[in-house]
Amino acid sequence: MLLPSHPIERARPLLGTIVRIRIQGLPSDLANDAIDAAFGLLADIHRLMSFHEPSSELSHLNRKASYGPVPVSSHTQAVLSHALELSRVSGGLFDPTIALALVEDGLLPALPGVRPDPEADWNDVTISPDGVVSFAKPLWLDLGGIAKGYAVDCAFDYLAARSPTHLCVEAGGDLRLMGPVPELIYLSTSHRGSAIPAIHLENAALASSGSQTSMVCSNSTNDSRLICPHIDPRSGQSCKADRFVSVVAPCCIDADALTKVVMAAGKSATPVLERHHAMAFMMDDNAWTSICSNQPMPISVDF
């Protein structure tokens with residue numbers, strides 16, 4: 001009889017970052033086979049929803065869905081449906097159609113073909129129950145604010161079904177874990193205080209986002225301006241500079257997407273966090289604020 005293994009941890013470049021999987025409580029051969037399969041699942045999701053890959057299903061949508069209905073895979077259907085629902089309940093604070101602003105800032109590559117309508121937003125995207133997508137106006141979808149969390153959940157659920165005693169799936173700031181005791185997770189903020197903030201997390205998901213700015217120069221005007229990788233959909237402008245947000249939620253798809261809501265809205269995101277049984281920690285001007293700290297979450301916080 002094969003005995004359960006010691007912790008096995010492996011990493012692979014996927015989803016535009018490094019994905020790490022740590023598992024314990026399974027025989028080593030079964031654990032490694034399961035990790036291989038989980039990496040394969042993550043690679044499939046990346047191929048479907050990469051904005052950068054011309055052959056991805058998302059790129060096909062961006063080229064074709066303003067001309068007529070386009071069927072999509074079950075993975076893309078699940079992510080896009082969740083994104084549109086979050087757009088609805090947040091009043092547009094989460095909007096997967098802001099790719100044009102990111103392209104104009106040089107943070108995403110321009111796509112060939114029809115240029116998006118600047119007035120288009122999430123309301124112009126429809127998806128049927130059988131996974132057929134249409135755009136009412138030309139637009140570019142970017143699922144980068146939610147698909148990584150979904151991929152972490154898919155890998156986590158696949159591995160958790162094998163009944164390990166401990167499990168952690170982490171992808172560039174997004175993670176989900178399970179186990180009998182809390183784990184200490186350090187927040188990778190650029191904060192230069194005397195202590196590194198950390199969260200004791202147990203059987204939950206965590207995602208973090210920061211809005212560190214960079215300087216860009218226009219080739220046409222020689223004017224310089226600051227940009228950040230997060231856009232407030234209400235204004236089309238960059239979110240507040242140097243804001244850092246971590247969100248704890250039951251699943252990673254929500255933790256990932258809700259960081260963008262809090263990045264844009266700050267404390268005003270409270271109703272959306274409550275709806276998703278989530279809480280957030282936000283740093284502005286080197287000061288920390290907890291949002292929805294009354295939520296019954298399996299965490300403790302050290303700042």
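Glu 170 and Arg 20 form a salt bridge, with the closest N and O atoms 3.7 Å apart; by salt bridge I mean a side-chain nitrogen of Lys or Arg within 4 Å of a carboxyl oxygen of Asp or Glu. This pair links distant parts of the chain, since Glu 170 is in strand 6 and Arg 20 is in strand 2, 150 residues apart. Helices (H or I, at least four residues) and strands (E, at least two) are DSSP runs, numbered from the N terminus.

Please keep in mind that this is a predicted model, in which local features need pLDDT of at least 70 and side-chain atom pairs count only at pLDDT 80 or more, while totals for chains, interfaces and linings use all residues. Residues are numbered from 1 along each chain as its sequence is written, and side-chain values use heavy atoms, with hydrogens and water left out.

Is Glu 170 buried or exposed? Glu 170 counts as buried because its relative accessibility is 17%, where buried means under 20% relative accessible area, exposed over 50%, and partly exposed in between (1.4 Å probe, protein chains only). Its partner Arg 20, at 38% relative accessibility, counts as partly exposed.

A second salt bridge also starts from strand 2. Here the side chains of Arg 22 and Glu 183 meet at 2.8 Å, N to O. Again the pair links distant parts of the chain: Arg 22 belongs to strand 2 and Glu 183 to strand 8, 161 residues apart. Arg 22 is partly exposed, with a relative accessible area of 25%, whereas Glu 183 is buried, at 17%.

The third pair is Arg 115 and Glu 104, whose side chains meet in a salt bridge of 3.3 Å, N to O. Glu 104 lies in helix 4 (99-104) and Arg 115 in the loop between helix 4 and strand 4, so the pair ties together parts that are 11 residues apart in sequence. Arg 115 counts as partly exposed, at 49% relative accessibility. In addition, Arg 10, Arg 12 and Asp 36 are joined into one network by salt bridges that share partners. The search of the whole structure finds 11 salt bridges.

I turn now to the strands themselves. How many helices and strands does the chain have? There are seven helices and 18 strands. Strands of a sheet pair through backbone hydrogen bonds, either parallel or antiparallel. Two strands are taken to pair if DSSP finds at least two bridges between them.

Eight strands form an open sheet with antiparallel pairing, in the order 1-2-6-7-10-15-16-17. Its edge strands, each pairing on one side only, are strand 1 (8-14) and strand 17 (287-291). On average, neighbouring strands of this sheet are turned by 10° against each other, direction ignored. Within the sheet, strand 2 (residues 17-24) and strand 6 (residues 166-171) run antiparallel and are joined by six bridges. Ile 21 stands opposite Val 169 in strand 6.

Two helices lie across strands of this sheet. Helix 1 (residues 28-49) lies across strand 1 and strand 2, at about 20° to strand 1. Helix 5 (residues 147-160) lies across strand 2, strand 6 and strand 7 (174-178), and runs at about 20° to strand 7. For these angles, axes are lines fitted to C-alpha atoms, for helices over the stretch in contact, and angles run from 0 to 180 degrees between N-to-C directions; contact means heavy atoms within 4.5 Å.

Another open sheet has three strands in the order 3-5-4, with antiparallel pairing. Strand 3 (70-71) and strand 4 (125-127) are the edge strands, each pairing on one side only. Strand 3 pairs with strand 5 (residues 132-135) over two bridges, and Val 70 stands opposite Val 133 in strand 5. Helix 3 (residues 74-89) packs on the sheet, where it touches strand 4 and strand 5, and its direction makes about 130° with that of strand 4.

Finally, the surface and the chain totals. Tyr 186, in strand 8 (residues 183-186), counts as exposed because its relative accessibility is 53%. Buried residues make up 51% of the 303 residues in the chain. Among contacts between residues at least 6 apart in sequence, 60% join residues at least 24 apart. The accessible surface of the chain comes to about 13,800 Å², of which 52% belongs to carbon and sulfur atoms, with areas taken from the Shrake-Rupley method using a 1.4 Å probe; for residues, only the protein chains shown count as cover.
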